[in-house]
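Where does a protein leave empty space, and what surrounds that space? This short report looks at a pocket and at the cavities.

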Amino acid sequence: MASREELQLLREARAGNATSQYALGKRYLFGSKSLPQSLPTALHWLSRAATQGNTDAMLLIGEHIAFDAIQTFPERHKLEPWYRTAFHQGSMAAGFTLARLILASDTANDEKRRGEAIDILESVARHDIPEAQWLLAELAKHSQKSSPIKDHALEWTARAADAGIVDAKMALIAYAWENADYDTFLRHALPIARTIMKNSAQADTNTLDEASVHLLVRCGKLLAMEKKHHDDIPAMWEIAAFHKNAEAAFLLGLWYARIDENGRRTPDGAGATSFKKAIRWLAQAGEQGMAKAWYALSQIYQKAEFSQRNMADAQRYLEIAANLGHPKAQFDLGMIAWRNRKEDESCDIQAVYWLQKATSNGDTEAAIALNRIASRAQPASWAVTARQYLSQEAVSSHPFLAARIELAAVFGLSRPEALLLDIHAADKGHCLLVDIREFYRRSKRRLILIQTGHERQTLSRISRLFEKVDCGPKGPEGNYRQRQYRLKTLLPEEMATDNGQEAVSGSTTTPA
């Protein structure tokens, strides 16, 4: 209950006495024995006193009533002059609130007004006010490139971070990581990471946000690179992996297996190799869709020192990784298939498939092997010339022969290959299998890559033409001699002879 003195102040304040309004506002601002602390009530009376020119009231408002407290104040733009007066009197808190008032006003987009707010903020920030430094950094980050404060964004962020602003620290940490400034990253991130680890140890159900999880993963990676604080590394990654971070689980698996992501032995990692722990974490990362985790698992299961070595499991994990797009796994599968062609010659088709996949994913070793195993489609000159002599009537009369000539013109087939190729068996989707040894013993089995849309469309169209046709000697095209004769009758006399074209154009070279 208000005292007699305070009741008298209230009566005088209501009557319009500026001194009493100031005194009453001050008591509500800080609270008294009989009056509770109330910022809205304090602002009400202090603003009435300030309206009458009371400078002390303006200073109290500027110094003690922050921007958040005046959010609901009616016509808050009218408070600007009082905050400006307090700022000019040396109150940095008033300057910070004034800048925020200007930026939140309807005239914030006005270049002059925005410039005034930034000038005020810079003045306040130079007095080591962290909140002003962080606001300046945020404004700089979202400013146009030509803005003068753009070049100082990092400086203000760093100063705010050093002053303890958490958001500024996280922003500086993210910037340092993106720009490979790892010293700055560790200086600011490591204390936060250790706090997170401490809190997680004290509360098993503690849930971390994504930014904190990424921070733990990155700290662990940098510490591992520096070969320092080994006890912290697995602890950081385990917390992150517990929160379903696939990268953390993958790194932890490599750490316990003491291998790199290609399965090679490394001196870094846990003090003693534990394939059991490694498999657990790598499997978790793989189940979250990480192809390289499955590849690392396949390498572990191939190791002679692993007591549960299993080549069948290694092959299965290798296939999973390859199907998820891992280029090294695709290359390995391709080479395994190529080596197995002695038991099953059709393995060369599978080898080309995986090597093509690996090559498209940037594996240069796979590209070299692919060039040795399969050839690329190159037009056969005899077929290109023959197509020019095929009239519309000839194409209508002999559609199968015309289609074979077109196929040779696109894929570079010799005459025997063009005339004898089994179209149904030749199309393997990713490559063209050319194998006419059953009917032409001098030929060699070879594979031609299908690489362009035009090649794919041509082969698909010709395959549809032969869809229900027997391509063998008992089919409508007849035997090899009949097909040769038909070809010669359609071509001019100078093209009627083979001129050495009976030899198969192209051969398969076994890679080392």
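Helices here are DSSP runs of at least four residues, numbered from the N terminus. A lining residue has an atom within 4 Å of a grid point of the space concerned. The model is predicted.

**The largest pocket**

Start with the open space. The largest pocket holds about 370 Å³. Its lining is made of 17 residues. Nearest the centre lie Ala224, Trp237, Leu251, Leu254 and Ile259. Two elements give two or more residues to this lining: helix H12 (210-226) and helix H14 (246-257). Which of them gives the most? H14 does, with five residues. By type, the lining of the largest pocket has eight nonpolar residues, two polar and seven charged.

**The cavities**

Now the closed spaces. The structure has two cavities of 30 Å³ or more. The second largest cavity holds about 30 Å³. Leu401, Arg404, Leu419, Glu477, Arg483 and Arg486 form its lining. Helix H23 (399-411) and helix H27 (480-490) supply at least two of these residues each. Of the lining residues of the second largest cavity, two are nonpolar and four are charged, with no polar residue.

**Side by side**

The table sets out the two linings by residue type.

| Space | Nonpolar | Polar | Charged |
|---|---|---|---|
| Largest pocket | eight residues | two residues | seven residues |
| Second largest cavity | two residues | no residues | four residues |

Terms used
Residues are numbered from 1 along each chain as its sequence is written. This is a predicted model: local features need pLDDT of at least 70, side-chain atom pairs count only at pLDDT 80 or more; totals for chains, interfaces and linings use all residues. Side-chain values use heavy atoms; hydrogens and water are left out. On a 1 Å grid over the protein atoms alone, a cavity is a set of points where a 1.4 Å probe fits but cannot get out, and a pocket is an open set with protein on both sides within 12 Å along at least five of seven lines; lining residues have an atom within 4 Å of a point. Grid points are joined across faces, edges and corners, and a volume is the space filled by probe spheres set on the points. Ala, Val, Leu, Ile, Met, Phe, Trp, Tyr, Cys and Pro count as nonpolar, Asp, Glu, Lys and Arg as charged, and the others, Gly among them, as polar.
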